[in-house]
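Let's take a friendly walk through a structure with two chains, going from strands to helices and then to the place where the chains meet. Keep the picture open as you read.

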Amino acid sequence: MIQASEVSWRYGAAPVIDGVSVAARPGRVLGLIGPNGSGKTTLLRLLYGALRSPTGRVTVDDDPLPRLSARETALRMAVVVQETGGETALSVAEMVLLGRGPHLSTFQRTGRADHEIAARCLARVGATHLGPRPFSGLSGGERQRVLIARALAQQATHLLLDEPTNHLDIRYQHEVLGLVRGLGTCSVVVLHDLNLAARYCDDLVLLGAGGVAAAGPVDEVLDPATLEPVYGIGIKRLDLDGHLHLLFHPFAQEAA
Amino acid sequence: MTTVLSETREHDVLGIGARRRRTTLRLAVLTVGLLVTGVIAVGTGAIAIGPATVARILAHQLFGVGDVTWTPPQEAIVWQVRLPRVLLGMLVGAGLAVCGVALQAMVRNVLADPYLLGINSGASSGAAAAILFGAGAGFGQYALSTSAFLGALAASLLVFVIARSGGRVTSIRLLLSGVAVGYALYATTSFLIFASGSAEGSRSVMFWLLGSLGLARWDALLTVAALVIGGTTLCLTVAGRRLDALAVGDETAHTLGVNPDRFRMRLLVIVSLCVGVLVSASGSIGFVGLVIPHLARRLVGAPHVRVVPVAALLGAILLVWADVIARVLLAPQEIPIGIITALLGAPFLLILIRRLHAGGTA
């Protein structure tokens, strides 16, 4: 369980996040959605402590985040960030094994159990064959899958992902999010694609200008009446085969 | 025996075990190479002494074994003159290489070298003040190295304070403050040379700036260098996994349980101390700290737990050979060792870059 209450962040004078409260509940997938610049990534960074909010507080399983050591934080939260680390000379297997770091003491090196966990995580994202290759030689989508494997290898109690479907083809977009959902860990996912959010999240937080425009179960938040003013685009909702689908059409086109 | 081997291979799902065995083998080969280098280097010079004799003298001195089959002058040359010099060469080479590795991870730039932080410029100013104006004369035989070390210390403190002024030590801030302090102190050194007006003094300063192992003796300096450089190598090897995380990115380090700012600060302290000591002992020997990390990565891959010890051994071997060339090439005159390392290092770096662009990966 990750809870943030009244957190804020500003870049220069402009507040991006202003007094926002969210809660990621155990065993559920929370999606952060919103238009460009609405502060999705900033909010996620506040949640895992890369940014420290000057107001309010963030707690992980009821422990205030600033009180946890860097290593304890890493044991509780695995994060897939957008940083690519493209210049590194590490191999894919070594990259995934970095995820075992928080579980090892300073003088301990990775053992057989760690290697097996890493191999299993690579297999889960369909990247076993990439193991010996240099990470820097991978395509964007392959890198993304390897970084997800690293986060899985971390075996933390919470999983946070910043646009995990970036660079992925349609099949892997669904596989990766299906995988996250199947884990049953408390997860927070920043997503652009509302249809993916509809299918793989339990709860959503819709960020608008500076704050939360709507929050709650997927079914409630993905209401065209709520979404249209935030995104500035016409939206039609279809409920097909028990799944919710959104279709988009520009307002201008409609007027013409 | 066969079953045991195949079993380990079966469980070696990621090939990590195979890589470790390869690294162990390379470390063993390099260690033997270092010993052989040491014996040959000690035997080489104006008076050549055969490797067998050198080995016997060393064994006799260290372990008290073997009969004396050599002349007392031979023993004096081996034990009093050349051995401390070869040992200092090994230490300085290893120190430069591991500090280069650490700095390349800290600023995430493969062109970083131990002199990036301007520490050597500080040491040079201190050395120039000692040579030209007799600064630190109160320290007797250690006047030059003490003065150089104080200069290095001042430079590192300056870099540290400037880099920290924003509260966080980012890689770009570290780079900029290092370059700025380096230029300022380089100007100071030039000014000291200009102001002294002593041609002989300028030549000594120039010689020192290009690096030399001529200060090597069985003295406190050698002990300090051994302790600091040995300690640094050990620290960086132990911190290998955290260096890996930092080298990928600050955000990544953070999510893997490493506080990037705090870690970079600690590294800065360790590296500054180490570079300060080795520059005080030998002047600014260039290119070793830049080239050796690349070579080490080509040999054993990127993880720092393997790169650091391999770089230390490679640096030690390379610097001793560079010193042999510096002593022999224009004998009896000695060439500053920095000239040799730059002449050897530059083409080497170009070859590495070519290979890198040709798609070959370490």
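Which residue is the bridge partner of Gly31(A) in strand 8 of chain A? Before the answer, please note that this is a predicted model. The partner is Val189(A). This pair belongs to two strands that run parallel: strand 3 of chain A (residues 29–33) and strand 8 of chain A (residues 186–190), joined by four bridges.

**The sheets of chain A**

Strands 3 and 8 are part of something wider. In chain A, six strands make an open sheet in the order 6-7-8-3-9-10, and the pairing in this sheet is mixed. At the edges you will find strand 6 (77–80) and strand 10 (212–217) of chain A, each of which pairs on one side only. If you compare neighbouring strands in this sheet, ignoring direction, they are turned against each other by 15 degrees on average.

Chain A also has an open sheet of four strands, in the order 2-1-4-5, with antiparallel pairing. Here the edge strands are strand 2 (14–24) and strand 5 (63–64) of chain A, and each has a pairing on one side only. Strand 4 of chain A (residues 57–60) pairs with strand 5 of chain A over two bridges, in the antiparallel sense. Look there for Val60(A), which stands opposite Asp63(A) in strand 5 of chain A. A helix rests on this sheet too: helix 1 of chain A (residues 40–48) touches strand 1 (2–11), strand 2 and strand 4 of chain A. The direction of helix 1 makes about 125 degrees with that of strand 1 of chain A.

Now find a hairpin. Strand 11 (residues 234–240) and strand 12 (residues 243–249) of chain A run antiparallel and are joined by seven bridges. One of the pairs to look for is Asp239(A) with its bridge partner Leu244(A) in strand 12 of chain A. Two residues lie between the strands of this hairpin, and Asp241(A) takes a positive phi near 50 degrees.

**The two chains side by side**

How many helices and strands does each chain have? The table gives the counts, along with the span of each C-alpha trace along its principal axes.

| Chain | Helices and strands | Span of the C-alpha trace |
|---|---|---|
| Chain A | 10 helices, 12 strands | about 65 × 40 × 35 Å |
| Chain B | 15 helices, zero strands | about 65 × 60 × 35 Å |

The radius of gyration offers a check on each chain. For 256 residues, a compact globule would have a value near 18 Å, and chain A has 19 Å, which agrees. For 362 residues the value would be near 21 Å, and chain B, with 22 Å, agrees as well.

**Helices in chain B**

Let's try a small sum on helix 12 of chain B (residues 260–282). At 1.5 Å a residue, its 23 residues should span 33 Å; the end C-alpha atoms are 32 Å apart, so the two agree. Just after this helix, Gly283(B) takes a positive phi of about 75 degrees.

Next, see how helices pack. Two packed helices are described by the angle between their axes and the distance between the axes. Helix 2 (residues 16–43) and helix 3 (residues 51–63) of chain B pack at about 105 degrees, with axes 9 Å apart. These two helices are therefore roughly perpendicular to each other. Val39(B), Ile40(B), Val42(B) and Gly43(B) of helix 2 make the contact with Pro51(B), Val54(B) and Ala55(B) of helix 3 of chain B. By class, six of these residues are nonpolar, one is polar and none is charged.

Helix 10 (residues 240–248) and helix 14 (residues 304–328) of chain B pack at about 110 degrees, with their axes 7 Å apart. They too are therefore roughly perpendicular. Helix 10 of chain B contributes Gly240(B), Arg241(B), Leu243(B) and Asp244(B), while helix 14 of chain B contributes His304(B), Val305(B) and Val308(B). This contact has three nonpolar, two polar and two charged residues.

**Where the chains meet**

Finally, bring both chains into view: 33 residues of chain A are in contact with 28 residues of chain B. On the chain A side, the elements that give two or more residues are helix 2 (70–76), helix 3 (92–97) and helix 4 (112–124) of chain A. The largest share, five residues, comes from helix 4 of chain A. By class, this side of chain A has 16 nonpolar, 10 polar and seven charged residues.

Definitions and conventions
Residues numbered from 1 in each chain as written. Chains lettered and ligands numbered in written order. Predicted model: local features only at pLDDT ≥ 70, side-chain atom pairs only at ≥ 80, totals over all residues. Contact = placed C-beta atoms within 7 Å. Nonpolar A, V, L, I, M, F, W, Y, C, P; charged D, E, K, R; others polar. Expected span 1.5 Å × (residues − 1). Pairing = 2+ DSSP bridges. Axes fitted to C-alpha atoms, helices over the stretch in contact; angles between N-to-C directions. Parallel < 35°, antiparallel > 145°, perpendicular 65-115°, else oblique. Rg over C-alpha atoms; globule rule 2.2 N^0.38 Å.
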